[in-house]
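User: Please take a close look at one part of this model, the second largest pocket, and tell me which elements and residues line it and what is found around its lining.

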Amino acid sequence: PLGMAYILAVIASLAVALTVTPALSMALLAGREMAERDPPVVRWSRGLYEAGMARVSRFPRAIVALAILVTIAGAALLPSFGSTFLPDLKEGHFVLHTSTLPGTSVAESLRLGKLVSDAVMKIKGVRLISQHLGRADVSDDTTGTQASEFEIDLDPGLDGAAQGRIEKEIRATLDGFPGVAVAMRTFLTERVEETLTGYTAPVVINIYGNDLNALDRASRDTAAAVGSVPGASEVQVQSPPGAPELGISLRAADLQLYGLDPVRVLEAVRTAYQGDTVGQIYDGNQVFDVMVTLTKDGGIGQIGALPLKTPDGRHVSLSQVADIELGTGRYQVLHQNAQRVQTITANTSTGDLAGFVASAKSAVAAKVKLPPGSYLEFTGAAEAQSRSRRDLAISSSATAIGIVLLLSMIMGHWRNLLLVLVNLPFAMIGGVLAVAVTGGILSLGSMVGFVTLFGITLRNSIMMISHYEHMVAEEGREWNLATALEGAGDRLAPILMTSLVTALGLLPL
């Protein structure tokens with residue numbers, strides 16, 4: 001969206017410059033005498049600029065050598081930068097996900113949520129916190145009652161540094177809750193990551209296979225390998241086994257002895273503990289179903305005492321025809337592309353998402369042995385970042401070829417073209433320094449910023465060289481140092497204005 005907005009703005013600006021501006025100039029400037037002297041600010045800045053240029057021009061070779069050295073030094077910094085898909089967003093709001101052992105009851109999750117809320121509210125700068133727990137009977141959200149989502153709202157007006165401090169304090173506070181897995185992102189970052197992969201994490205690892213038990217072992221090994229990478233945080237297996245399960249196994253011989261139909265027995269168990277609709281209540285134009293169900297208090301003994309009616313009118317208990325035992329199972333089985341999958345999600349505290357993923361891939365390759373018939377893939381923001389950078393590189397390369405061809409047509413001489421292009425690597429140093437000062441992390445927005453920077457540089461170079469061409473070809477000026485200094489002074493105000501307007505426009509972002 002940022003790149004598209006910039007492209008559309010440039011196109012609109014171009015259309016206005018070629019149509020509206022000339023028409024308004026003809027209408028508003030007709031018969032007006034142009035001022036012979038520049039405004040005071042322009043005269044003052046031009047005087048300083050020309051004086052500085054006069055001194056610099058005495059040492060042309062030294063200046064060129066210094067520019068080359070600075071350019072090489074800046075280019076040498078690029079490999080040391082980390083990279084990420086999205087920059088850290090400061091929205092004044094966090095979305096916190098917590099997860100405990102599968103099968104944790106609603107009451108226990110609420111008790112734990114109260115402890116988490118009380119601890120987080122003690123942090124200075126946190127204004128509100130609320131907990132979401134559970135899900136509807138028919139829902140797209142398949143998480144169990146062991147998972148909760150907290151909305152954490154911060155005091156308004158906090159700057160980025162204060163929000164970063166609060167985030168670190170929240171994470172440190174949550175480290176004091178053993179057995180609780182946490183993941184915390186800002187709202188917009190979470191929505192983008194969830195759109196990319198379906199999970200609210202920048203790193204998603206999918207392991208595909210047929211054997212669920214083998215997938216579980218591979219996912220545990222993978223989570224351990226990723227967790228050993230420096231900077232790893234919030235490593236979670238999305239569908240761990242171990243949910244408590246009550247198994248009811250009917251005994252065929254006993255069913256035949258009492259003449260019971262197994263389907264009717266299981267239907268009785270479902271009706272008793274899941275409920276069944278027995279009527280409706282009408283309240284105006286609203287209709288409410290009436291359901292009956294047995295109370296869920298009690299253990300295996302109460303379930304085993306469930307009465308069943310035989311065809312001859314006798315009553316037998318469920319335990320007389322079935323084995324009832326507690327075990328463990330799964331609250332969900334994940335599928336993707338018609339295949340069983342186990343998913344591991346992770347985050348990193350280093351800020352260098354691409355570097356973390358590269359280290360995680362190496363660790364998984366070295367420590368994890370996948371079962372036969374299984375395979376693994378990394379997805380998430382890191383893969384989206386890789387695709388976006390590849391697409392940006394391809395489109396930028398194609399655009400660069402087109403720009404060079406156009407410039408070669410309008411510049412008239414290869415030396416003019418070379419002068420325009422030689423400014424690009426030197427101008428890049430400003431962007432490199434900006435990235436270094438702001439943390440040394442390249443995001444997709446930074447890459448778009450470099451494209452913008454190169455566009456401004458080309459425009460400024462064309463303005464300067466075209467003015468020199470006009471002075472020599474149209475005004476008949478001799479090409480010497482004085483002409484070069486005067487032409488540079490003439491273009492100072494337009495170049496400063498175009499650059500400053502772009503810089504100030506992007507400053508809020």
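Analyst: The account below begins with the pocket itself and then turns to an aromatic pair in one of its lining helices. The model is predicted, and in it the second largest pocket holds about 1,800 Å³ of space. Of the 38 residues that line this pocket, the closest to its centre are Met53, Leu419, Val422, Asn423 and Met464. Five elements each give two or more residues to the lining, namely helix H2 (40-56), helix H3 (60-77), helix H13 (414-437), helix H14 (444-473) and helix H15 (481-506). Among these, H14 gives the most, with ten residues. Sorted by class, the lining has 28 nonpolar residues, eight polar residues and two charged residues.

Helix H14 also takes part in an aromatic pair, one of three in the structure. The rings of Tyr468 and Trp479 have their centres 4.9 Å apart, and because their planes stand at 70 degrees, which is over the 60 degrees required, the pair counts as edge-to-face. Tyr468 lies in helix H14, whereas Trp479 lies in the loop between H14 and H15, eleven residues away, and the pair links these distant parts of the chain. With a relative accessible area of 17%, Tyr468 falls under the 20% limit and is therefore buried. The pair thus joins H14, the helix that gives the most residues to the pocket lining, to the loop that runs between H14 and H15.

Key: Residues are numbered from 1 along each chain as its sequence is written. This is a predicted model: local features need pLDDT of at least 70, side-chain atom pairs count only at pLDDT 80 or more; totals for chains, interfaces and linings use all residues. Side-chain values use heavy atoms; hydrogens and water are left out. On a 1 Å grid over the protein atoms alone, a cavity is a set of points where a 1.4 Å probe fits but cannot get out, and a pocket is an open set with protein on both sides within 12 Å along at least five of seven lines; lining residues have an atom within 4 Å of a point. Grid points are joined across faces, edges and corners, and a volume is the space filled by probe spheres set on the points. Helices (H or I, at least four residues) and strands (E, at least two) are DSSP runs, numbered from the N terminus. Ala, Val, Leu, Ile, Met, Phe, Trp, Tyr, Cys and Pro count as nonpolar, Asp, Glu, Lys and Arg as charged, and the others, Gly among them, as polar. Rings of Phe, Tyr and Trp (its six-membered ring) pair if their centres lie within 6.5 Å; planes under 30 degrees apart count as stacked, over 60 as edge-to-face and the rest as tilted. Buried means under 20% relative accessible area, exposed over 50%, partly exposed in between (1.4 Å probe, protein chains only).
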